[in-house]
Structures are given as structure tokens and as C-alpha cells.
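Biologist: Could you walk me through the ligand site and one helix in this model? I'd like to know what sits where.

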Amino acid sequence: MLPVQLIRKKRDGGALDDAELRQFVEWVTTASIPDYQIAAMLMAVFFRGMDDRELATWADAMTRSGDVIDLSSIPRAKIDKHSTGGVGDKISIPLAPAVAACGVAVPMVSGRGLGHTGGTLDKLESIPGFRVDLPVERFRELVGELGVCLIGQTARIAPADKKLYALRDVTGTVESLPLIASSIMSKKLAEGIDGLVIDCKVGAGAFMKTIERARQLCALMRTIATRAGKTITCVLTDMEAPIGRTIGNALEIRESIEVLKGGGPVDTRELTHVLGAEMLVLGGAARDPAEGVAKIEKALSDGSALEVFRKVVAAQGGDPRVCDSPGSVLPKPRSRDELGLTPGRIVAIDSELLGIAALVLGAGRRTAEDKIDPSAGLVVDAYLGEVIEAGGPPSVMLQHSLPAGDSRLAEARAMIERAFVIQPADQPAPAHLAGKSSRILEVLR
Ligand code: URA
């Protein structure tokens, strides 16, 4: 079998057989074919797609390109959640301990932030001492003992994806639904889970700009999960505004702890309740979503979720006092600058721009090598649909440690001002905002 034969077959619209797909992924994993042949195949898949069998085999080969963590010794159901990426998306942090407190184990392998969306690992690392690079053996122990552990992707989890993703990034083939679905699912299936809840973000600030495309992606992920013998629920959620009121690593830990204490912003709580409920249903700990929501709410209000989080922080090397007084444990910025927005009703928010503004202040990376400032970010006290009163409190707080007069400050301020579309408060609210109070668009079970 020659790589070029397989590339031609896919280019001409043929279906690759299982042996051909597995062979190609093996060539990728062992670096035994040149990048230009891999890139040519990716472009052929981009234009020709894959049928369900091809997709499932390709994803399975990617999953098995590295270690598949064996968690079969843990008797509890093992369910994870994956988000396709949002600005201010800290949901994993309150969610995983809450679900574990309700009896379902959460083996969570998370990513770092790149570009305008943050990463769970960076947020956790803002807790002094917290380590996300635990060996797999310790990961397994903690999932067994505490019901949850949060680590980073190791080089041995789905290495084929690492190679393919890097090439997709530079060859214009990231936006292929079968390639996205197999990329996400290969990493999740390698975690040794029984089931998965996908939080598929939809909207201007998300990877999936329309609900139709989000549905198509979810259908492909379902094909992969089902053929691998795993259960899956996809929740389509609105990403037209940042999640919660904070963007930035330590700030988001603080907000997550509020949720773990039964408080926090309404949308952040709602996402935690709904995603958690679906995880409990998949894990057999709730009969239906309503019972799941009630159990998650209870775990958050009675302190049991916070107790799990406290143990996780301590077991992963972090300072557990963060649960009691986050302000004294988390890193502090050198400056807090206020920014008032024009009075009026907020009718649109460009969350991507806010994510980039936080990045410019130091909260994110432009390249994988950049160092982040864990204390940097934004506190956004301005929700979609809200009215900003003249002379009212400032709407956005910029936290940073940049020197006064640094051009990045002016750059971030200009972006924040551009991110809000504000209309006079006496004009009627646009129809799309009327009655909008939930971020949940659809649940696909
Ligand atoms: N996230 C992934 O892990 N892979 C993709 O291809 C896109 C988003």
C-alpha cells in the first residue's frame, strides 16, 4: 500500500477501507510518511468527507495511536464533559466535583488556552502549587479515591491527533466536521470513559457559528461514540456572550468557587446544573434530567461539591485554603483599572474580542510558548440585555500587571469598547433578546 494510492482514492471520492485507514493513521503516528502526504490526505478529507464507517475507524485508530487509560478497576460509572470552547468557560471546575459528589466519576483530561478561549489547566494552575502533570497511575488512583482528577493531555494520549491538528492548523483544514469530530473524540475516548457529555458552543464567539453546523458536528461525534460502545449526550449552548462575569484564570477560579458554594452568576450555575444533570443520567445516578438538576443543586448548596474540590486541590498539590478565602490565596494583579461603557441597553457582545482583550492583558497566549499572568483578566459587569445607567458603577474592570502607559492597555480598552453594541435605553429591546434567559439551545440525547 502506498500513501499516494490512498490519497488518490479519497481525492476521487472513494471510501477507504478499514485497513487503509488504520495504516494511514499508523504512518502519521510513526512519522513514516512526509507531512505533505498527510496534508494532501487532510485536504482530500476536507472536500470529500468520510462515511460513518470510515469516520468511526479513523477515530478509533487515532484513539489507539497512543495509550488508552484503563479505568476498569474503578467501579463507578466514568463520565466526562467536553466543551468545544468558549470565552469565560470555567464550567469544568465546579462541574467535575459536583458530579463526583453525586457518585459519578469524572476522569478529566483538559487542554490549555490558545487564542481567545481559556483552558481549564491554566485556570487550575493559578491556584498556587496545583499540578496538572500527574502520572497516569496517580490519575487513576485519584479518580478512584475522590471521583475526580483533572490533568493535562500527555504526549501519549492520541499522538496522531497532535500531528494531524498541527498540520490542519497550517493547511486550512481545521474546519472539516469529520476531522473536528475525530480529533475531539479520539482524545476523550483515550481517557477510559463510559460516556461523554458534549457542550457544543454555538454563536459568533464559538467554533460552530450556526446551530445547523453544531447539529452536524454532534451527529458525527455520536456516530464515533456509539460505534465505540460509549454513550453520549450533546448540549448545544449559546455563546453570544462570555460565560459568567469573569475572563481570566485566577478570576475564573474565584467565580467557580462561588458556584461551588451555591452562588455565582445565573448562566454559570445553569450550565453547571444542566451539564451535570446529563452526566448523572449517563452515569446512572439520576433517572432523568430533572432529578439530575436537583442532585447537582443539592451538592452545590450543601457543601459536598466544595468538599470534593478541596480534596482535589490538596491531592493535586494546590493550596486548599483557596476554597475558604480565594482572595488571599490566588495571585493578585498590580493594577485594577475601571472602564465605564456608554449608557444604554447592551444588545450584542463580541465575546471573542473580550477574550482577546483579556489575552492582551496577559491572561492568554498568542503562541503555545507564551507565559501567562494568572492574575490578569476582566470582570465584566455588563450582561446582554442589561441597561447601563449614566453615572452608574463602572461596567468592566481590567486586572493586569502591565506598566502604566503600556500600549497593550490602550489596545485592550479599545477592544472592550468595541465589543459592546449599545443602543439608547428608551428604544425597545431587539426581538432576539426578548425573554432570553437561558443559554441552553438544545439537548440531543
Ligand atoms: N478541538 C479539538 O480538540 N480538535 C479540533 O479539531 C477542534 C477543536
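Modeller: Here are some questions and answers on the ligand shell and on helix 10.
This is a predicted model, where local features need pLDDT of at least 70, side-chain atom pairs count only at pLDDT 80 or more, and totals for chains, interfaces and linings use all residues. Residues are numbered from 1 along each chain as its sequence is written, and side-chain values use heavy atoms, with hydrogens and water left out.

Biologist: Which helix gives the most to the shell around the ligand?
Modeller: The shell means residues with a heavy atom within 4 Å of the ligand, and it includes Y165, R168, S183 and K187. Helices here are DSSP runs (H or I, at least four residues), numbered from the N terminus. Helix 8 (159-171) and helix 9 (177-189) each supply at least two shell residues. The top contributor, with 4 residues, is helix 9.

Biologist: Which residue has a polar side-chain atom 2.6 Å from a nitrogen atom of the ligand?
Modeller: Polar contacts are pairs of N or O atoms within 3.5 Å. R168 places a polar side-chain atom 2.8 Å from a ligand oxygen, and K187 places one 2.5 Å from a ligand oxygen. The partner 2.6 Å from a ligand nitrogen is S183.

Biologist: How many residues does helix 10 have?
Modeller: Helix 10 covers residues 211-227 and reaches 24 Å from its first C-alpha to its last. That is close to the 24 Å expected at 1.5 Å a residue, where the expected span is 1.5 Å times one less than the number of residues. The count for helix 10 is 17 residues.

How values were computed
A polar contact is a pair of N or O atoms within 3.5 Å; within protein, one must be able to donate a hydrogen and the other to accept it, and residues adjacent in sequence count only if both atoms are side-chain atoms.
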